[in-house]
Structure formats: C-alpha cells, structure tokens
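Please walk through this structure with me, one part at a time. The text below takes the aromatic pairs, the metal sites and the strands in turn.

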Amino acid sequence: MSQTVLAAVMAAPLVPVELRELPLPELPVGGALLRTGLSEVCGTDVHLWHGRLSGVPYPIIPGHVSTGTLGAVRGALADVEGRPLREGDRVAFFDVHRTCGRCLACTVHRTPTRCPHRRVYGITDSVADGLFGGWAQQIYLEPGVTIAKLPDAVTFEAYIGGGCGLLTAVHIIDRARIVMGDTVVVQGAGAVGLSAAALARRAGAGQVILIGGPHDRLALARDMGADHVIPLDTTTPGDRLERVLALTGRLGADVVIEAAGSALAFEEGLLFARNGGAYVIAGHYTNVGDSRINAHEHINRKHLDIRGCWGSEVGHFLRAIRLLDRYAGEVPWARIGARTYALSQINEALADAEAFRIPKALVDPWR
Ligand SMILES: [Zn+2]
Ligand SMILES: [Zn+2]
C-alpha cells in the first residue's frame, strides 16, 4: 500500500478546492483506517466553501458523512452494538467524533448537539490534524468514533444518498412527534426534505404534502413517500396556502417541517400549521436573515408549538441505518445521490450542489 493518499483540500473559503498527497497516519490502539467507498458534497460543504460557518480551521478535508471498507485496524475494534469489527467490513461511522460528556449541554440539558467541544468530521479538524474528511481515499477513524456495520441490503449509494439529510430527518421525526393519521407538510425538496417526507410516511402520517422544486425532484419526492407535491416555482404563497387548506378540510396541517433554509419559508410555514399544531425548524443551518412574523396571529393565538432541530446524535445515526435496511426495497434513497464525482471534479460538484442542479453529489475518491 502506498504511504500517501489523495485528498481534496479546501484551503480557504472561495478558493478552488485542490488535490494534495497526504501521509497515512500511525494508528494508535483503537484507531483504524477506512478505505473511502463514497462520501458526499452537501449543503454544508457549499456553506463551508463560502466561509459561512464560524471557527472552521482551514485548510480542511471536507466530506462529513462517508462510508467505506475497514482497512488497517490497530487493536480490538467494536461497532456501536459491541460486535467485533474486522478489516474488510463495510461500515459507516458517525461524523460527530467527539462531544465532551461533561458540559451542561451534554449532561444537564441533554442536548449533546449543542456541546461546545463537539468535533465533526469534515468541518472542525484541520488538514494538519490528519485525514478527518471524506474527500480523501482513506479516512482516519480515531479511537472512540462510533462505527456501525452496513447491513448487506444497504449499498454505499443508498447510505450516502440518504447521508446527513437522512440523519437529520430521523431527528426531525423525533422532534415532530407525529401521531398516526396526521397531515404533515414538508417545506423543501433537498436531501433533508426528501428523507423527512419518506420518514413521515413511515411514522404513520395519513397524508404527506411536500412543497419545493425543481420539478424533477418532485417526482422523486412522490417516490420517497409524499402523497401530494406543490411546485414552488409555478405557485404563489396564496396558491400554496389554499392548496394546503383544501387538503386539510381548511384546518391546516398537524405538523409542518421546515427543510428549506429560507426566511420566507418560515413565514409561510407558520400559516400552514393548524391551531395547536407543531412546526419543526430544521433547514436554518446558517443565518439567512430575519423573518417577519406576528407573534399574536401566527403563534400565540394558534397555540402553536415551534421546535428547533440541530444536528444529530448517535441514536439518529444507528436508526438511520436500520431504516435504510428495513426500507431498502421501498424508499429510493440512492436516487438522491444523482451523480458521482471524482476528487478532481469536486469544484464542479460544489457548483452543481450550489445551483441545486442535483439534490446530492456523491464523491468517489478512487475514481
Ligand atoms: Zn459537552
Ligand atoms: Zn451534510
């Protein structure tokens, strides 16, 4: 095996991503190397490239969610359920590789996704710290990283097609507390919205309405589990509200899920929810500006329950894999990953992701 690997490095915001040869690390006991099968370019990477996330230690190797085959393993390694792991196993790992377990967020508030010491592959580690991103032929799995075996039915394409959006969607469903028979509106047809629609259906929603675009994604949304799709580009806000009211006996939806990341979507989503309904905000990963709302009309008089949904936890990762296994023949997660790019094509992949030409770009570093 060669002692260096090829990686795509984001040296700084707004500078083209460049290829570098990087050394393989000396493995500590409990550490491992993952031969990258697939990684992804997601909205987070577009934000990283624009420098929209604070405290990122550029240069970095992006690619926070990845999957592959275990290579060198030093010492005994087990998956999250305690089963031994061996070289050659097909695995995925949870991208949050450290939370402190001691701070208020971790212990008292039980919100580990808000731990100030949280470290995430592809985002919070510099290239100088090692192979901590999926845009590389090998990924360093440091001791303590949560690893899960991929079931035979779960292909690399399906795992990464779901990717970070699926983990977020599992968290969204927790936060949404859907009751069987509920009408759920999903705003957004990106990777998060598509998986949220798929899981809302499996969580017992009586009716799933997805609003978004572009047009070809709406066909995919139907195949994922949406009963009704409303195109964003050929309707007015008034048209969309009328459509939701018409589909809900003029009551509004029991649950609205925001996966659009737009200030206007939030204003509109408040109108879709019924009195006493719930609204889960998941798409506002960066600051997209202020929304105009009227607290009396849109929240208090409606007795509306509004919940944020930040990041994901190990449980979401593990349950995402179980869901990929359970619904492997039914939900076309692999189709979210519309196109696979080589490391040398990463700049093109970023441009395609930013322009919404594809819901998710897959990265195969061995191409
Ligand atoms: Zn903590
Ligand atoms: Zn992502």
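Is F93 buried or exposed? F93 has a relative accessible area of 2%, so this residue is buried. The model is a predicted one, and the values that follow are computed from it.

F93 is a useful place to begin with the aromatic residues. The structure holds 6 aromatic pairs. In one of them, F93 and Y121 meet edge-to-face, with 4.7 Å from centre to centre and 65° between the planes. F93 belongs to strand β5 (residues 90-93), while Y121 sits in the loop between β7 (119-120) and β8 (138-141), so the contact ties together parts that are 28 residues apart in sequence. Y121 is buried because its relative accessible area is 0%. Ring pairs also bring F132 and Y140 into a cluster with F93 and Y121.

A further pair is made by Y285 and W310. Their ring centres are 5.2 Å apart and their planes lie at 25°, so this pair is stacked. Stacking requires planes under 30 degrees apart. Y285 is in the loop between β14 and α8, and W310 is in the loop between β15 and α9 (314-326), so that distant parts of the chain, 25 residues apart, are linked. Y285 counts as partly exposed because its relative accessibility is 32%. W310 is likewise partly exposed, at 32% relative accessibility.

The metal sites come next. What coordinates the zinc ion (ligand 1)? Four cysteine sulfurs do: the SG atoms of C100, C103, C106 and C115, at 2.3 to 2.4 Å. Along the sequence these donor residues follow the spacing C-x2-C-x2-C-x8-C. Why is the arrangement of the 4 donor atoms called tetrahedral? The angles they subtend around the zinc ion (ligand 1) run from 104 to 119°, and four donors count as tetrahedral if all angles lie between 85 and 135 degrees. For comparison, the ideal angle for four tetrahedral donors is 109.5 degrees. Two of the donor residues, C106 and C115, are both buried.

The zinc ion (ligand 2) has a mixed set of protein donors: C42 through SG, H64 through NE2 and C164 through SG, lying 1.9 to 2.2 Å from the ion. Their spacing in sequence is C-x21-H-x99-C. C42 is located in the loop between β3 (32-41) and α1 (43-49), whereas C164 is part of helix α3 (residues 156-176), so the two tie together parts that are 122 residues apart in sequence. C42 is buried, with a relative accessible area of 7%. C164 also counts as buried, at 15% relative accessibility.

How many disulfides does a search of the whole structure find? The search returns 0 disulfides. C309 is one cysteine without such a bond: the nearest cysteine sulfur, that of C164, is 13 Å away. C309 counts as buried because its relative accessibility is 8%.

The strands β13, β14 and β15 can be followed in order. Strand β13 (residues 253-258) runs parallel to strand β14 (residues 273-281), and 5 bridges join them. Within this pairing, V256 has Y279 of β14 as its bridge partner. Helix α7 (residues 263-272) completes a right-handed β-α-β unit with β13 and β14.

From β14 the path continues to strand β15 (residues 305-308). These two strands pair in the parallel sense over 4 bridges. Which residue of β15 is the bridge partner of Y279? The partner is I306. Y279 therefore appears in both pairings, with V256 as a partner in one and I306 in the other. β14, helix α8 (residues 295-300) and β15 make up another right-handed β-α-β unit.

One last position lies in a loop. V15 is found between β1 (4-9) and β2 (18-23). V15 counts as partly exposed because its relative accessibility is 34%. The C-alpha atom of V15 is separated by 39 Å from that of I209, and these residues are 194 residues apart along the chain.

Notes
Residues numbered from 1 in each chain as written. Chains lettered and ligands numbered in written order. Predicted model: local features only at pLDDT ≥ 70, side-chain atom pairs only at ≥ 80, totals over all residues. Heavy atoms only, no water. Pairing = 2+ DSSP bridges. Right-handed = clockwise from strand over helix to strand, strands pointing away. Donors = N, O, S within 2.8 Å, 3.2 Å for Na, K, Ca; no water. Tetrahedral: all angles 85-135°; square planar, octahedral: opposite > 155°, others 65-115°. Buried < 20%, exposed > 50% of the residue type's maximum accessible area, 1.4 Å probe, protein only. Disulfide = S-S within 2.5 Å. Phe/Tyr/Trp six-rings, centres within 6.5 Å; stacked < 30°, edge-to-face > 60°.
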